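This briefing concerns a predicted model. The points below are grouped by topic, beginning with a question on strand pairing.

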Amino acid sequence: MINTKAKAGIAIAIAGVLVAGCASSLNPFAREADERWADYKTWTKITEGKTGTGDPTGLIKTVHKGPDGYRDVYVNDIGKAALEGSAPYLFPAGSIVIKEQFGSKADWEAGKNAGVTVSIKATASDTVNRDDWIWADSYTAKAGPSAFCSGCHTAAIASDFVFTHADFLAAQE
Ligand code: HEC
C-alpha cells in the first residue's frame, strides 16, 4: 500500500512533469536561435573600428535598414580565413556571415534594436554556386533557400555571394 508521504511525492513529481510540459507549450511560436549561430556575438566582428553606413555598392536601397542605417558584420571561425583573405573568395562549407543592422547611429552606438540577417554556406562546390547558400532573415528565423536574398547577393557572385570581404573593407577605409 502506498503511504500518504509517497502519494504526495508522486503528486509533486507529476506536477513537475506538467509544469515542464507547459513551459514549452505555453508559446508555440517562441523559437530559439539556431545553434549554428546562437553565439555569433563571440565571433570575429570584422567591422570592428569601422563605421558601416551609407550605400557603398548602390544596392542597399530599402534592405538592411537602408543607406541611413548602420551595420556590423560577424563571421564564424570556419569562414574567417576566406573572408579575411583575398580574391578569388570561396568559402568552405559551414561558413556563416551575420549582418547586424541598426536604424540609426544612436542605436548602433548603444547596440540596441539590431536586425539580424544570416548567410550560411551549407554545402561547398568547386566553384561559386548559389545553391550552396541558405539564408535567414532574423536571429530566430529558420534558414533556407531564398530567391530574395540570393537574387541581390548574386551581384557579389565573384566573391561567393559575400559583399563584405577584405577588399570591400579596405576600400571603405
Ligand atoms: C537588394 C539587395 C539585397 C538584398 C535583397 C539582401 N541583401 Fe544582404 N547585403 C546587400 C549588400 C549591398 C550588402 C553589403 C554591403 C553593404 O553593407 O552596403 C549585404 C550584406 C549582407 C551580409 C553581410 C555579408 C555580406 O554579404 O556582405 C549578410 C549576412 C546579408 N547581407 C544577408 C542577407 C540576407 C539573409 C538577405 C535576405 C533576407 C539579404 N542579405 C538580402 C544587399 C542585399
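Which residue in E5 is the bridge partner of Val-97? The partner of Val-97 in E5 is Ser-119. This pairing belongs to the contact between E4 and E5, two antiparallel strands joined by 6 bridges.

**Strand pairing**
- E5 also pairs with E6, in an antiparallel arrangement with 4 bridges.
- Within that second pairing, Lys-121 has Trp-133 of E6 as its bridge partner.
- Strand E5 is mostly covered, since 5 of its 7 residues are buried.

**Ligand surroundings**
- The ligand is surrounded by 28 residues, and the closest are Lys-99, Cys-149, Cys-152, Phe-163 and Thr-164.
- Five elements each supply at least two residues of this shell: strands E3 (70–75), E4 (96–102), E5 (115–121) and E6 (133–136), together with helix H4 (147–153).
- Helix H4 makes the greatest contribution to the shell, with 4 residues.
- In terms of residue class, the shell comprises 15 nonpolar, 8 polar and 5 charged residues.
- The paired strands E4, E5 and E6 are thus also represented around the ligand, each with at least two residues.

**Model confidence**
- The average pLDDT of the chain is 87, and 82% of the residues score at least 70.
- Residues 12–24 have a pLDDT under 50 throughout.
- For this segment, residues 12–24, the model has 0 contacts beyond four places in sequence.

Conventions
Residues are numbered from 1 along each chain as its sequence is written. This is a predicted model: local features need pLDDT of at least 70, side-chain atom pairs count only at pLDDT 80 or more; totals for chains, interfaces and linings use all residues. pLDDT is the predictor's confidence in each residue, from 0 to 100. Two residues are in contact if their C-beta atoms, placed from the backbone, lie within 7 Å. A residue is near a molecule or strand if its C-beta atom, placed from the backbone, lies within 6 Å of it. Ala, Val, Leu, Ile, Met, Phe, Trp, Tyr, Cys and Pro count as nonpolar, Asp, Glu, Lys and Arg as charged, and the others, Gly among them, as polar. A residue is buried if 20 or more other C-beta atoms lie within 10 Å of its own, exposed if 12 or fewer, and partly exposed in between; C-beta atoms are placed from the backbone. Two strands pair if DSSP finds at least two bridges between them.
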